[in-house]
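Got the viewer open? Here's a short tour, one selection at a time.

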Amino acid sequence: IGPLDRATLSVRIEPGVTQGDLHAWLTKEAPDLAFNNTGSGLRTSILGCALERGIGYAGPLERDLFALEVMLPDGEIVRPDPAWFHPARATPAGPQHDALFFQSNYGIVLAARLRLRVRQQKEQAVIVNGPLPGLLATLREAYRDGVLTLPTHISEPGRTGRLAQGRLAEVRGRPVSAEEVATVFPERDEHVALTAPHGRAQVVDAAWRELRAGFGPGVRGWRIGAGGARRLERIGRMLGLRNQADRLAAFAPVLALTWGEPSDIGLLALPPTADRGNPDTAAEGAIYGNAVSAVDAGAAAAIAGLIREVWPHAACTSIVLDARCLITVFTLHFQDDETAAAKAAEQTIARRLLAAGHPPYRLGINLPGPAGGGLHARLKQALDPRGIVAPGRYEKA
């Protein structure tokens, strides 16, 4: 990690630098700065996620990565020309070559610069509950009016329930019953949206008032910051309000994602294991996929229905990127003996979604990409004629 350029709020990172690594480094070296973290886990690669077009709580990671240093298949290393490059501007004068290496197999990225942000006076988690049609209508208007600018993650009841059970078991240090989960998390049967307004206190407060004024029927919400969450949990324990305190403690890592603290919270949707943070030891596996639509409840329902025709117990999470774009992320949970069936289902779902007009937001590892009128093949042949780097990946089957 490094060097850090404070003037342009950017830092150079190499492959293998994880979310946990960078968070720890910034906490020590530049505690006033943060990066666009995802919910993928502390041990996940920042470069890998960005190059695969992951989405963080502050937006698409690909927007944060620039000045790529790339080793081409013939061994030549290409770096930004110092005479033409300045970290103040991600897009250099002339051709922009960085884009060639996002979700492609044209070379190996050795390093890049990552945009950082200054921590704001007020950073809060906003949680909105309700039926999906009402949530999407509320959020669409909020984005159109500029009330919200960062992505909103919407968890459906099944995923919320899995996460609630896993976190409550961790907080209480033992397995928990369905009755306990229902008592502590009454909203587990609803869609739950999470977004992150940042800025000066007056601006964040005004945005919250505008957002709340636009709530439709059945939609309700609340907000909290890091300090408030810790204070309320402490007060709850002092007053003997165990369920309320455990509720805050359980979901504190989820809320913290919105103010720039990565964690392994997402892995708790998998069944318990001896090593809670290691998906390789989980009793159940998961395959993820995604599909794009407009911010429309009908489209979201159609996508979810198509997915569940193939894999009935799939879980879906919606990400509202802006007023135009909704991304449905689906998760296929499976037991070890269902591995082959889950992989086949992923391929079937991807083909059916594409045929229905819902292409992926980003390609999965095992999914071929569009032919691009032959341009991909021409670039691959020019840069990697011997097929050294990830042969076959992104090439149309």
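A quick definition for the first stop: axes are lines fitted to C-alpha atoms, for helices over the stretch in contact, and angles run from 0 to 180 degrees between N-to-C directions. Keep in mind as you click around that this is a predicted model.

**Stop 1: a helix pair**

Select helix 7 (residues 226-238) together with helix 8. Their axes come within 8 Å and cross at roughly 155 degrees. Angles over 145 degrees count as roughly antiparallel, so that is the label for helix 7 and helix 8. The crossing of the two is left-handed. To see who makes the contact, show side chains for A229, L232, E233, G236 and R237 on helix 7, and for R242, A245, D246, L248 and A249 on helix 8. Colour them by class and you get five nonpolar, one polar and four charged residues. While you look at the spacing, recall that an α-helix has 3.6 residues a turn, so residues three or four places apart point the same way.

**Stop 2: helix 4**

Keep helix 8 on screen and add helix 4, residues 157-172. How far apart should the ends of its 16 residues be? At 1.5 Å a residue the expected span is 22 Å, and the end C-alpha atoms are 22 Å apart, so the two agree.

Now pick out its buried residues: R159, T160, G161, L163, A164, G166, R167, L168, A169 and R172. What do they pack against? Bring up helix 5 (178-184) and helix 8 (242-256), then strand 11 (152-155), strand 12 (191-195), strand 16 (315-320) and strand 17 (326-334); the buried residues of helix 4 pack against each of these. Just past the helix comes G173, with a positive phi near 70 degrees.

**Stop 3: H191**

Strand 12 is one of those packing partners, and H191 is found in it. Is H191 buried or exposed? Its relative accessibility is 19%, and the cut-off for buried is under 20%, so H191 counts as buried. Beyond its neighbours within four places in sequence, H191 is in contact with V128, N129, G130, L132, L135, I154, S155, E156 and P157. P157 also belongs to helix 4, which runs over residues 157-172.

**Stop 4: V118**

Last, jump to V118 in strand 9 (residues 117-118). V118 is partly exposed, with a relative accessible area of 36%. Set aside neighbours within four places in sequence, and V118 has contacts with L9, D32, L33 and E123. Try a distance label from V118 to D32: they sit 86 residues apart along the chain, with their C-alpha atoms separated by 6.0 Å.

Conventions. Residues numbered from 1 in each chain as written. Predicted model: local features only at pLDDT ≥ 70, side-chain atom pairs only at ≥ 80, totals over all residues. Heavy atoms only, no water. Helix = DSSP H or I, 4+ residues; strand = E, 2+ residues; numbered from the N terminus. Expected span 1.5 Å × (residues − 1). Buried < 20%, exposed > 50% of the residue type's maximum accessible area, 1.4 Å probe, protein only. Contact = heavy atoms within 4.5 Å. Parallel < 35°, antiparallel > 145°, perpendicular 65-115°, else oblique. Left-handed = near helix turned anticlockwise from the far one by under 90°. Nonpolar A, V, L, I, M, F, W, Y, C, P; charged D, E, K, R; others polar.
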